[in-house]
Amino acid sequence: MKIVCIGGGPSGLYFALLMKQNNPAHDITVVERNKPYDTFGWGVVFSDATMDNMQAQDPVTAAEIRQAFNHWDDIELMFKGDVIRSGGHGFVGIGRKKLLNILQVRCEALGVKLMFETDAESDAQYPDADLIIASDGINSRIRSQHAEVFKPEITVRPNRFIWLGTHKLYDAFTFLFEKTEHGWFQAHVYKFDENTTTFIVECTEETWLAHGLDQADQDQSIAFCEQVFAANLKGAALMTNARHLRGSAWLNFQSVKCAQWSFFNGNSHVVLMGDAVHTAHFAIGSGTKLAIEDAIELARQFTTLGDTPDQILAVLTRYQALRHVDVLRLQNAAWNAMEWFEVCGMRYCDQLEPPQFMYSMLTRSQRISHENLRLRDSVWLGNFERWFAKRAGVAVANDQAAPPPMFTPYTVRGLTLKNRVVVSPMAQYSAVDGVAGDYHLVHLGARALGGAALVFAEMTCVSAEARITPGCPGLYAPEHTVAWKRIVDWVHSHSDAKFAMQLGHAGAKASTRLAWEGMDQPLVSGNWPVVSASQQQYLAGVSQTAREMSRAEMVEVKAQFVASAQAAAEIGVEWLELHCAHGYLLSSFISPLTNQRTDEFGGDLSNRLRYPLEVFSAVRAVWPTERPMSVRISAHDWVEGGITPADAVEVARAFKAAGADLIDCSSGQVSKQEKPVYGRMFQTPFADRIRQEAGIPTIAVGAISEADHVNSIIASGRADLCAVARPHLANPAWTLTEAAKIGYTPMPWPKPYVSGKAQMEANFQREKAQAALAASSPARSVEA
């Protein structure tokens, strides 16, 4: 085949040498606009795993790189006067120029033609090529010329950064944080050769502008950075090699994703590679990793499917299908890491103490979990767990192992929870005329025995008309109070779990069928009138039309909430939550999608909050002072024009000012036009943002399904409690099970069940041992 690689970066060069190595008959040319053996940039980083992959593909190149690279396992944080170090992270650093020089020499040795100082304007310049690799970087001309085919999604990020270097040497991947009068600056620092270190300085646009750096030239910018990080640099100078850039050389990162990676231009197949097709923020250090692994995978597919012109289409199709998954996974992690650095000055730097800040930074991409940190550096994590436990009031001797964060106590007002796990309120649709019966006793009792600290009953309605379905429980009649007291007393008599109740009114979503008979569908008969903040149909053309509440009805419903709260207090409920989420009545006032009122309860957010806050204040006034009260909100409507996470911070601040103790951070279910983005722990970022920016404790919910999730969330300070729903439906003893799974044997069990504890713990230990054996000896595992 005749192959032309446009762009002599890592992906183009490495692909060229692999293809030439695999089949010397290929005619391969790399076209590069720079001079021979010339490049810009300082050091690049990739992982040990990528290095191992390169070793398998081309040992000669790998050996050259190993001779030149700097390897380190440690990450070091310098923050608020503390220096914290964690090991086991496995990075490789090498000068970008050195890396490209090695690849250039290897290409020449194999017979790849290198054409320097040649500016390729278009893929059309090479009509005789069978395959054109467009590895022409983040500002790819080829991608731009065929944007209608590649469909690039390019996002310019808000932070400013400048890529510098220094001759001061560091023996770890180092992160520096310094606060100025206008905000925080951070530096990403790593050594890449025997006498040079990369030094990337980053800050928000607001901080950059406030310091007048938009008016600074490169020398002034360098002098400024030297001053900000003077305590660490200790007189060492910072340097730039970007004199070719105009102005100050401060940049905004561009995130690039392409829907299509290749096409046939009439003469040649053209495929994007490296930064031309996808970028990964330097916060995770994987741009070079992606580029190298692109080259490896494409070359592998030619080896597998055939390296002849007639196989190119099949190869490119297979290549994108395989690489897209891995690239998307890494880009998502890079996105999380990037966003963490973009908001850390506002969200974490001032709020978190150094040990927790370090934990938050290490887990910023969500690829590194709590137990993964234990594998990387058990000593560091053990010390962190000890620090966290003492902060939670647990006395731990220096020679003792501390409990994992999820098993530390949490105190709010006069109530102490034994751990951080909450059984979410989950509708069961099994009440009769609002009465919680034997089913609820068994359901809630089983979960109270299962190890969670706090067990929520499902949303309990303040009137018959407030019910979602005829099967929803209430607390508005004497028989309801009797039924709930029986359950509360049983939980208190047979477990050490605390009992919580969530009070709500279904609003426009009332008078519907049981979930398994038709979720959100109106009743076939026996419907009751429904009300909302404004006239609406939840399901357009299907649902009953809710009428706008009158002021008199608002006063009446407020009184119903108060009466239900008083009844809950009388029967010994220890925690109360006001349901202001999911499009139910109080939620319908908050969201602009459902509130079109023109009176004092409609309009801007402060007005839309007026009635929910009025109800909250009335309930808080009768709820015992020593007992906590939380509020569940929809922190994101997932609909344009609806509540956003930024709005949710303001909602949380308003409830905090009214006396709320925690915000339970859910999202959605306000409009059927919603387009949520699901995923592991997908709603936790809302809890994190509200906790840090509104300054109120939070409960994280949504796709939290294992101990690793809970430990990571609690340890990093993203939330104070985790509400776990569906896993508790599958396993009432979810908390006990997860404790056994991670080897936390001090976890107490209910006395009648203790004989099962050791067996479960032993079973999990046996599974771990078998998995470890299989990982170390695959052949033996197959034989077994």
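Me: How many bridges join strand S4 to S7?
Reply: Strands are DSSP runs of E, at least two residues long, and helices are runs of H or I, at least four long, numbered from the N terminus. Two strands pair if DSSP finds at least two bridges between them. S4 covers residues 70-72 and runs antiparallel to S7. The number of bridges joining S4 to S7 is 3.

Me: What kind of model is this?
Reply: Residues are numbered from 1 along each chain as its sequence is written, and side-chain values use heavy atoms, with hydrogens and water left out. Local features need pLDDT of at least 70, side-chain atom pairs count only at pLDDT 80 or more, totals for chains, interfaces and linings use all residues, and the model is predicted.

Me: Which residue in S7 is the bridge partner of Phe46?
Reply: Strand S3 (residues 43-47) pairs with S7 in the antiparallel sense. That pairing runs over 5 bridges. For Phe46, the partner in S7 is Val92.

Me: How many of the 5 residues of S7 are buried?
Reply: Buried means under 20% relative accessible area, exposed over 50%, and partly exposed in between (1.4 Å probe, protein chains only). On one side of S7, Phe91, Gly93 and Gly95 are buried. On the other side, Val92 and Ile94 are buried. For S7, residues 91-95, the buried count is 5.

Me: Which strands are at the edges of the sheet with the order S8-S2-S1-S9-S17-S16?
Reply: The sheet is open, has 6 strands and is mixed in its pairing. Each edge strand pairs on one side only. The edges are strand S8 (113-115) and strand S16 (262-264).

Me: Which residue in S2 is the bridge partner of Ile6?
Reply: Strand S1 (residues 2-6) and strand S2 (residues 27-31) pair in the parallel sense. They do so over 5 bridges. In S2, the partner of Ile6 is Val31.

Me: At what angle does helix H1 run to S2?
Reply: Angles run from 0 to 180 degrees between N-to-C directions, and axes are lines fitted to C-alpha atoms, for helices over the stretch in contact. H1 covers residues 10-22 and lies across S1, S2, S8 and strand S9 (131-134). Its angle to S2 is about 165°.

Me: Is H1 roughly parallel or roughly antiparallel to H10?
Reply: H1 and helix H10 (residues 287-305) pack with their axes 8 Å apart, at an angle of about 25°. Angles under 35 degrees count as roughly parallel, over 145 as roughly antiparallel, 65 to 115 as roughly perpendicular and the rest as oblique. The angle therefore makes H1 and H10 roughly parallel.

Me: How many nonpolar residues does the contact of H1 with H10 have?
Reply: Contact means heavy atoms within 4.5 Å. H1 contributes residues including Tyr14, Phe15 and Leu18, and H10 contributes residues including Ile292, Ile296 and Phe302. Ala, Val, Leu, Ile, Met, Phe, Trp, Tyr, Cys and Pro count as nonpolar, Asp, Glu, Lys and Arg as charged, and the others, Gly among them, as polar. The contact has no charged residues, 4 polar ones, and a nonpolar count of 12.

Me: At what angle do the axes of H22 and H23 cross?
Reply: Helix H22 covers residues 645-658 and helix H23 covers residues 684-694. Their axes come within 9 Å. H22 is oblique to H23 because of the crossing angle. That angle is roughly 55°.

Me: Is the crossing of H22 and H23 left-handed or right-handed?
Reply: A crossing is left-handed if the near helix is turned anticlockwise from the far one by less than a right angle, and right-handed if clockwise. The contact includes Val649 and Arg653 of H22 and Phe686 and Ile690 of H23. H22 passes H23 in a crossing that is right-handed.

Me: Which residue just after H24 takes a positive phi?
Reply: Helix H24 (residues 707-716) has 10 of its 10 residues buried, so the rest of the structure largely encloses it. Among the buried residues are Asp708, His709 and Ile713. Just after H24, a positive phi of about 80° is taken by Gly717.

Me: What is the relative accessibility of Leu523?
Reply: Leu523 lies in the loop between helix H17 (515-518) and strand S24 (531-532). Beyond neighbours within four places in sequence, Leu523 is in contact with Pro470, Ser511, Thr512, Arg513 and Trp528. Leu523 counts as buried because its relative accessibility is 14%.

Me: What is the relative accessibility of Val531?
Reply: Val531 lies in strand S24. Not counting residues up to four places away in sequence, Val531 touches residues including His505, Met549 and Leu585. Val531 counts as buried, with a relative accessibility of 11%.
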